[in-house]
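Explain how the enclosed and open spaces of this protein are lined, and how its helices contribute to them.

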Amino acid sequence: MSAGQQVSSRVLTVPNVISLLRLLLVPVFAVLIVRGDDVWALVVLAVSGASDWLDGVLARRLDQVSRLGQMLDPAADRLFILVTLLGLAWRDVVPVWLVVVIVGRDVLLVGLLPLLARHGYGPLPVSFAGKAGTFALLYAFPLLLLAEMPGWLGDVAAVTGWAFTWWGVGLYWLAGAQYVLQTRALVVRDRAATGETDETGTTTQEAP
């Protein structure tokens, strides 16, 4: 978002439609990857990556940043990452530990939601590190799939794909640490502002 840009409660916007279409591509990609239609699977991944960039640009330029879009866009990204990871692991393109490492971060963030909700907050906005990590992973997966091809093209794709993967994992977990610290800061601030009553009825303050 640009400074001073308003977040609307509109549902039907161009960026939201693009995010919804990206969600609809998830089962299409899953079927293609299971069937071994790698060329079409790569096309779907490329379209998904382009639409992820496009909806953000349009949201800012058309002044259509919405609360629904702020939730729909990262949800589409994470669902695509999850399905792609599971498909590639099923094909033995990536190891199972990579699935655990990436999914583990999202499980951590889901665990923060009840705590945020208890203090009156919704999901935290996507950070730059989180978005960069997501982009890196979405670039990595087509390359890792392309690495299955024989010859020099597969070799180059393998090296580049794993480079993007490691950068993506690092940024993904850096963003996760930032979300944890932001959640802690919000909770501590609320407790410091309102105080918490212990079992004896004494109001307590918690230092940051």
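A search of the whole structure, which is a predicted model, finds 1 cavity of 30 Å³ or more. The largest cavity holds about 60 Å³ of space. Its lining consists of Pro74, Asp77, Arg78, Arg105, Val126, Gly130, Lys131, Thr134, Tyr172 and Tyr179. At least two of the lining residues come from each of α3, α5 and α6, the last of these spanning 152-194. Sorted by class, the lining of the largest cavity has 4 nonpolar, 2 polar and 4 charged residues.

The open spaces come next. The largest pocket contains about 1,200 Å³ of space. It is lined by 44 residues, of which Gln70, Asp73, Pro74, Pro125 and Val126 are the closest to its centre. Pro74 and Val126 also appear in the lining of the largest cavity.

Which helices each supply at least two residues of the lining of the largest pocket? They are α1 (14-35), α2 (38-61), α3 (67-90), α4 (96-118) and α5 (128-146). The largest share comes from α3, with 10 residues. By class, the lining of the largest pocket divides into 28 nonpolar, 8 polar and 8 charged residues.

The second largest pocket has a volume of about 180 Å³. Around this pocket lie Leu42, Leu45, Ala46, Gly49, Ala50, Trp53, Phe135, Leu138, Tyr139 and Pro142. Two helices, α2 and α5, each provide at least two residues of this lining. Of the elements involved, α2 gives the most, with 6 residues. The lining of the second largest pocket has 9 nonpolar residues and 1 polar residue, and no charged residues.

Helix α2 also packs against α1, and that contact can be described by its geometry and its composition. The two helices meet at an angle of about 165 degrees, and their axes are 9 Å apart. Because angles over 145 degrees count as roughly antiparallel, α1 is roughly antiparallel to α2. The contact of α1 with α2 has 16 nonpolar, 3 polar and 4 charged residues. As for handedness, α1 and α2 cross in a left-handed sense.

Taken by element, α5 supplies at least two lining residues to the largest pocket, to the second largest pocket and to the largest cavity. Helix α3 does so for the largest pocket and the largest cavity, while α2 does so for the largest pocket and the second largest pocket.

Definitions and conventions
Residues are numbered from 1 along each chain as its sequence is written. This is a predicted model: local features need pLDDT of at least 70, side-chain atom pairs count only at pLDDT 80 or more; totals for chains, interfaces and linings use all residues. Side-chain values use heavy atoms; hydrogens and water are left out. On a 1 Å grid over the protein atoms alone, a cavity is a set of points where a 1.4 Å probe fits but cannot get out, and a pocket is an open set with protein on both sides within 12 Å along at least five of seven lines; lining residues have an atom within 4 Å of a point. Grid points are joined across faces, edges and corners, and a volume is the space filled by probe spheres set on the points. Helices (H or I, at least four residues) and strands (E, at least two) are DSSP runs, numbered from the N terminus. Ala, Val, Leu, Ile, Met, Phe, Trp, Tyr, Cys and Pro count as nonpolar, Asp, Glu, Lys and Arg as charged, and the others, Gly among them, as polar. Axes are lines fitted to C-alpha atoms, for helices over the stretch in contact, and angles run from 0 to 180 degrees between N-to-C directions. Angles under 35 degrees count as roughly parallel, over 145 as roughly antiparallel, 65 to 115 as roughly perpendicular and the rest as oblique. A crossing is left-handed if the near helix is turned anticlockwise from the far one by less than a right angle, and right-handed if clockwise.
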